[in-house]
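Got your viewer open and a selection box ready? Let's walk through this one stop at a time.

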Amino acid sequence: MRIAILSRNAKLYSTRRLVEACESRGHTVDVLDPLRCYMNINARESSMHMKGRILPQYDAVIPRIGASITFFGTAVLRQFEMMGTYPLNESVAISRSRDKLRSLQLLSRKGIGLPITGFASQPQDVPDLIDMVGGAPLVIKLLEGTQGIGVVLAETRQAAESVIEAFMGLKSHIMVQEYIKEAGGADIRCLVIGDKVIAAMKRQAKAGEFRSNLHRGGSASLVKLTPAERATAVKAAKTMGLNVAGVDILRSNHGPLVMEVNSSPGLEGIEAATEKDVASQIVSFIEKTAKAHKTRTKGKG
């Protein structure tokens, strides 16, 4: 197969591993910077261009689209989809998962465990918003934040009111969540491919920090999942419509709670913690599902 990887940096660990996995399985692979792609959209024959040339027809595309370029990146991916290329994750599913509030609303509708979450736009609603999530301590999150940036733990009610009002004053969209103390500053990253969790790691925040992101100095270790955690991770990924996802779960006194569903999960931490070849499993999934996609699209013609 001819496979495209949408990535802004071919040297990133995840991108390199996917290239290696594709090549080791006999596929031709190109890394394309989505911001360098541009589209010819017309009723007869749409095309994708880069650096003054028309790009070839690809059998499959692996989107590694960063949060900061979601709008343009998903537009590029959508163009590939319109041209009949099989997407590992569809553009609509990526957009759905990137909208933190929408994703939580969809997960809640499916009965998936979540931390109690509040959302408001007016300062006068802040006191009730704080009560809604059980009071302080509580977690305040910027809807546009990634990798733990824009996440604040407010230890007291006064601190919570001050931070929320400050964010509102800056016209930033924030949500407020209950603080799951029993998680002990740890979460679980489940790597879902299709209908299975193929790898999982526990991420522990460093001393004095409550955010467990590896980018913020957290450590990763192997973890054994419960059946409920596996089922929750798979259901969360399916609810978003993602074939490959990183589902972040907290262990609470009332079962697994989903924090976030990531459409472009990093591979470095989870491959190191689990010693599993996640990249090859992703490519193997593409090999199986791209053929079925090709058959379906031919049938439509």
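A word on names before we click: helices and strands here are DSSP runs, at least four residues for a helix and at least two for a strand, numbered from the N terminus. Keep in mind, too, that you're looking at a predicted model.

**Stop 1: colour by domain.** Make three selections: 2-96 for domain 1, 117-179 for domain 2 and 182-288 for domain 3. Now hide domain 2 for a moment and look at the other pair. The centres of domain 1 and domain 3, taken over C-alpha atoms, are 24 Å apart. Their contact draws 20 residues from domain 1 and 22 residues from domain 3. Together they bury about 1,800 Å², with carbon and sulfur atoms giving 56% of that area. Which three residues of domain 1 supply more of its buried area against domain 3 than any other three? Show Tyr13, Arg25 and Leu88 as sticks: they supply 28% of what domain 1 buries there.

**Stop 2: helix 2 and helix 3.** Select 70-82 and 91-98; the two axes come within 9 Å and cross at roughly 160 degrees. An angle over 145 degrees counts as roughly antiparallel, so helix 2 and helix 3 get that label. For the contact itself, pick Thr70, Thr74, Leu77, Arg78 and Glu81 on helix 2, then Ser91, Ile94, Ser95 and Arg98 on helix 3. Colour this set by class and you'll get two nonpolar, four polar and three charged residues.

**Stop 3: helix 3 and helix 4.** Keep helix 3 on screen and add helix 4, residues 100-109. Here the axes are 5 Å apart and the packing angle is about 95 degrees, which makes helix 3 roughly perpendicular to helix 4. The residues to click are Arg96, Ser97 and Arg98 on the helix 3 side, and Lys100, Arg102, Ser103 and Leu106 on the helix 4 side. By class, this contact has one nonpolar, two polar and four charged residues.

**Stop 4: helix 4 and helix 7.** Swap helix 3 out and bring in helix 7, residues 227-240. The axes of helix 4 and helix 7 come within 10 Å and cross at roughly 120 degrees, so the two are oblique to each other. Is the crossing left-handed or right-handed? Right-handed, for helix 4 and helix 7. In the contact, Ser103, Leu106 and Leu107 of helix 4 meet Ala236, Thr239 and Met240 of helix 7. That set splits into four nonpolar, two polar and no charged residues.

**Stop 5: two backbone spots in loops.** Bring domain 2, residues 117-179, back into view. Zoom to the loop between helix 5 (126-132) and strand 9 (138-142), where Pro137 is found. The peptide bond from Ala136 to Pro137 is cis, with omega near -5 degrees. Next, head for the loop between helix 6 (157-169) and strand 11 (174-178) and pick out Lys171. What is the sign of phi at Lys171? Phi is positive, near 60 degrees, in a residue other than glycine.

Notes:
Residues numbered from 1 in each chain as written. Predicted model: local features only at pLDDT ≥ 70, side-chain atom pairs only at ≥ 80, totals over all residues. Heavy atoms only, no water. Axes fitted to C-alpha atoms, helices over the stretch in contact; angles between N-to-C directions. Parallel < 35°, antiparallel > 145°, perpendicular 65-115°, else oblique. Left-handed = near helix turned anticlockwise from the far one by under 90°. Contact = heavy atoms within 4.5 Å. Nonpolar A, V, L, I, M, F, W, Y, C, P; charged D, E, K, R; others polar. Domains from an automatic or database assignment. Buried area = accessible area lost by both parts, 1.4 Å probe.
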